[in-house]
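Reader: Hi! I'm new to this one and would love a quick tour. Could you walk me through it?

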Amino acid sequence: ITLVISPLVSLMRDQVLALKAAGVPAAYINSTLNGAQMQAVYRNLRAGQYKIVYVAPERLDYPGFGSLAEKLNISFVAVDEAHCISQWGQDFRPSYLRILQFVENLPRRPVLGAFTATATSQVRKDILRILKLQNPVQVVTGFDRPNLYFDVIHPENGKDKELLRLLAGYKRKSGIIYCATRKKVEGVCDLLQSKGYAATRYHAGLEEQERTTNQEDFLYDRCPIMVATNAFGMGIDKSNVSFVIHHNMPKSMEAYYQEAGRAGRDGLTAYAVLLYAPDDKRRLSRRVSDNFPEKELIRNVYERLGYYYQMAMGDGLGCRYDFDLQEFCRAYHLPLVQTDSALRLLTQAGYIRYEEEEEHTSRLRFTIQRDELYRRYDISETSDQVIRTLLRLYSGVFSDFVFIDEKQISEMSGIALEPLYESL
């Protein structure tokens, strides 16, 4: 079995469908599957029915997945978008730092491969160091794209007017317009739609379903123009993108090259255009200072965490706490964005684990009616004890999903949940 670790949950389905069409038995495991679908994939995995399985890096931490993986004959682990492992890559994901621990917990070490289309020499060093790759074969290709034309324009009458002028010349072709903020994405998308362009939008503030729908509309040319933040594009396989326009300066040359390089993959002439205004440089400098705060602020944030949770020196190892970033910043008069960056840097350095709760919180809903549940006689004593605990702790589990606190359930029921997950 090959395990592909990828951050691209929205594209896993397309990749698996393409593999199946090519005759390769494949599957994916992510949050888009319901309970029954997830159990079916797990059963098929145990039965050896797949050759390639896609998972998000966060999945490696889920209860039950690690113990299942240890029982499988995993011969190859492919780390896709491997630049996410490095703070110097533009899409750093803290969960990537835990891939090595997962691999080392397997009964035998598989072949480990890391793949990315964008990696500076520093990022490549980080990949080798963090994954502990042993004498790896390194393949580094060139980045010259003869069919891709770059241009920088200083708009005299405002960026929006220049954008409309450019689009009129592209004659309704497919392209991506990158903006620095969600607010700018919304504004530019509204402008294009008001001018009759079939445009859609993508940023992290949208609901997952809307992001997926908008992405598919773009991929299948129902909306050939995508207006997006840099949250869009990693892993996008669309050959007929004829232009990439940056409404704002990207945060680095590497980010610019990766985003611009999404144009012209069919080998035809394509354009990468940067709209530049003098204020862009000042904003970019501020973003750099926000992403990489001073050492003194990082140290201050770490110390304040100890005060916040009333921990003595040396305490806290193995503990997990709910954390409200805004409340923390208000309590100690800390800058919000720089504090978030400091916490991410502390995570990379191994001092803490700072992660989004939604990715790691279990959700639960009973799919049968309350009366039917009470009439069941085939429920084991262990399961019955957990169900009774759930009913005491949570209301609404018969009508909607609720987020559950697994530690609290374990303590109240006296049952370790990880083994139970495997039997349910």
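Author: Happy to! One term first: two strands pair if DSSP finds at least two bridges between them. Also keep in mind that this is a predicted model.

Reader: Thanks! So what order do the strands of the open sheet have?

Author: The order is E2-E3-E1-E4-E5, five strands in an open sheet with parallel pairing.

Reader: And which strands stand at the edges?

Author: Those are E2, residues 26–29, and E5. Each has a single partner strand, so one side of each is left without a neighbour in the sheet.

Reader: How many degrees does the twist average from one strand to the next?

Author: The average is 20° per step from strand to strand.

Reader: Does anything sit against the sheet? I mean, which strands does helix H1 touch?

Author: H1, residues 9–21, packs on the sheet and touches E2 and E3, the latter being residues 52–55. The direction of H1 makes about 165° with that of E2. Helix H2, residues 35–46, also packs on the sheet, touching E2 and E3. For H2, the angle with the direction of E2 is about 130°.

Reader: Let's zoom in on pairing. How many bridges are there between E1 and E4?

Author: Four, in the parallel sense, with E1 covering residues 2–5 and E4 covering residues 76–79. Within that pairing, Val-4 has Ala-78 of E4 as its bridge partner, and Ile-5 stands opposite Val-79 in E4.

Reader: Nice. What about E4 and E5, how many bridges join them?

Author: Four bridges again link E4 to E5, residues 111–114, and the two run parallel. One facing pair there is Phe-76 and Val-111 of E5.

Reader: Changing topic: how many disulfides does the structure hold?

Author: Zero. Cys-189, for one, is in no disulfide, and the nearest cysteine sulfur, in Cys-223, is 8.2 Å away.

Reader: Why is there no bond between Cys-223 and Cys-189?

Author: Because their sulfurs are 8.2 Å apart, which is too far for a bond. The cut-off for a disulfide is a pair of cysteine sulfur atoms within 2.5 Å.

Reader: Last one: are those two cysteines, Cys-189 and Cys-223, buried or exposed?

Author: Cys-189 is buried, at a relative accessible area of 2%. Cys-223 counts as buried too, with 15% relative accessibility.

Definitions and conventions: Residues numbered from 1 in each chain as written. Predicted model: local features only at pLDDT ≥ 70, side-chain atom pairs only at ≥ 80, totals over all residues. Heavy atoms only, no water. Buried < 20%, exposed > 50% of the residue type's maximum accessible area, 1.4 Å probe, protein only. Axes fitted to C-alpha atoms, helices over the stretch in contact; angles between N-to-C directions. Contact = heavy atoms within 4.5 Å.
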